Amino acid sequence: MSSQAVASIELTSLPLIAQGKVRNLYEIDESTLLFVTSDRISAYDVVLVNGIPDKGKILTQISSHWFSVLSAKIPNLKHHLITLTPPRSLSPADRALVHGRSMQVKKLRVFPVEVIVRGYLTGTAWKDYVKTGAVNGIPQPAGLEHCAAFPGGPIYTPSTKAPLGEKDENITPEQARKIVGDKYADRIAELAVSIYKAAAEYALARGIIIADTKFEFALDEANDEVVLVDEVLSPDSSRFWPASSYEVGREQESFDKQYLRNWLTSQGLNGKEGVEIPEEVVAQTREKYREVFELLTGNTLETVLAGLEQ
């Protein structure tokens, strides 16, 4: 695998229609997009100067794996992935650049909320609970410990979807309902929790606790269906804990970018622009992403990439 991070992606064969913290979106035709995932990494809503080598390929391939797993576990689940094969319209140079880090997906209208499901009391949920006794306005029993599982099972805790450079804000499910509308609010919440439960069961059998995760959903207006889109259950969008070392009442070891967040916090750099990650932190973060990929998929990244159609 490459030892250099691919932080900048510029295709000459397709028009760029959007660029996020990590992904570039290109238009293939009126109904199809090309999602290309760079090796850029963000933390505390800020993109770091240098990226994590192979991260974009890991995120793309783990999302593809989850789409397959979840489709088998959840009847009638719809997702946006069409194929991992790049479109034939790409130039040879562009095709080589996106190999393993791109998905052809359906072009759909994305709901403007971050759909977060939490199974364990950690992160901003823990801070909220300590301060208010609730999480996103949802009351919780008194006396819960840090990183404890929610007694009533996983909860839907949405947030706003802020423009690039701004911070998402946690909101209540009722506030999210006003954003997405009554017609789709319950379907989004129910589907998100169902996906989390199915994924958590699958991951736990492989030694991983999914503490929380973020989904995005879109509307297929032609069929009036809610569709799972974007990346799914990746180390960027989820907290993955090793089940073997899980212990209530303390911070947990992780297989995700929490390691990077912890380093930023220890250096007083969380939320600051222009931060360059030291090589040893890059290497450790890369290793955690690769390890969780192998545990969840049962394959090395090299094996999966070798099986892709060029």
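**Exercise 1. Place K73 in this predicted model: which helix holds K73, and which residues does K73 contact beyond its sequence neighbours?**

Solution. Start with the secondary structure: K73 belongs to helix α1, which covers residues 55-73. Next, look at the solvent. The relative accessibility of K73 is 39%, and since the partly exposed class lies between 20% and 50%, K73 counts as partly exposed. Then list the contacts, setting aside neighbours within four places in sequence: K73 touches A198, E201 and Y202. Finally, try a distance. From C-alpha to C-alpha, K73 and Y156 are 20 Å apart in space, with a separation of 83 residues in sequence.

**Exercise 2. Work out the strand order of the five-stranded open sheet, and find which strands are its edges.**

Solution. Walk across the sheet and you meet β1-β2-β3-β7-β6, with antiparallel pairing. The edges are β1 (16-19) and β6 (81-83), as each of these pairs on one side only. Ignoring direction, neighbouring strands here are turned against each other by 35 degrees on average. Now zoom in on one pair: β2 (residues 23-29) and β3 (residues 32-37) run antiparallel and are joined by six bridges. As a check on your register, Y26 should have L34 in β3 as its bridge partner.

**Exercise 3. Describe how α6 and α7 pack: are they roughly parallel or roughly antiparallel?**

Solution. First take the geometry. Helix α6 (residues 258-266) and helix α7 (residues 279-297) have axes 9 Å apart and an angle of about 155 degrees between them. Angles over 145 degrees count as roughly antiparallel, so α6 is roughly antiparallel to α7. Now name the residues that meet: α6 brings Y259, L260 and W263, while α7 brings V281, Q284, T285 and K288. Sorting the residues of this contact gives four nonpolar, two polar and one charged.

**Exercise 4. Compare the surroundings of the two helices: what packs against the buried residues of α7, and what covers those of α6?**

Solution. Begin with the dimensions of α7. This helix has 19 residues and spans 27 Å from first to last C-alpha, close to the 27 Å expected at 1.5 Å a residue. Its buried residues include V281, T285, K288, Y289, F293 and L296. Against the buried residues of α7 pack α1, α5 (182-204), β14 (208-220), β16 (238-242), α6 and α8 (301-306).

Turn to α6, where Q258, L260, R261, W263 and L264 are buried. Their cover includes β4, β16 and α7. Notice that L260 and W263 are buried in α6 and also take part in the meeting with α7.

To finish, look at what comes after each helix. G298, just after α7, has a positive phi of about 75 degrees. G268 follows α6, and its phi is also positive, near 70 degrees.

**Exercise 5. Where do D45 and N136 sit, and is each one buried or partly exposed?**

Solution. Recall the background: most residues other than glycine have a negative phi. D45 is not a glycine, yet has a positive phi of about 65 degrees. Its place is the loop between β4 (42-43) and β5 (46-47), and at 24% relative accessibility D45 is partly exposed.

N136, likewise not a glycine, has a positive phi near 55 degrees. This residue is found in the loop between β10 (134-135) and β11 (138-139). With a relative accessible area of 5%, N136 is buried, because buried means under 20%.

Conventions: Residues numbered from 1 in each chain as written. Predicted model: local features only at pLDDT ≥ 70, side-chain atom pairs only at ≥ 80, totals over all residues. Heavy atoms only, no water. Helix = DSSP H or I, 4+ residues; strand = E, 2+ residues; numbered from the N terminus. Buried < 20%, exposed > 50% of the residue type's maximum accessible area, 1.4 Å probe, protein only. Contact = heavy atoms within 4.5 Å. Pairing = 2+ DSSP bridges. Axes fitted to C-alpha atoms, helices over the stretch in contact; angles between N-to-C directions. Parallel < 35°, antiparallel > 145°, perpendicular 65-115°, else oblique. Nonpolar A, V, L, I, M, F, W, Y, C, P; charged D, E, K, R; others polar. Expected span 1.5 Å × (residues − 1).
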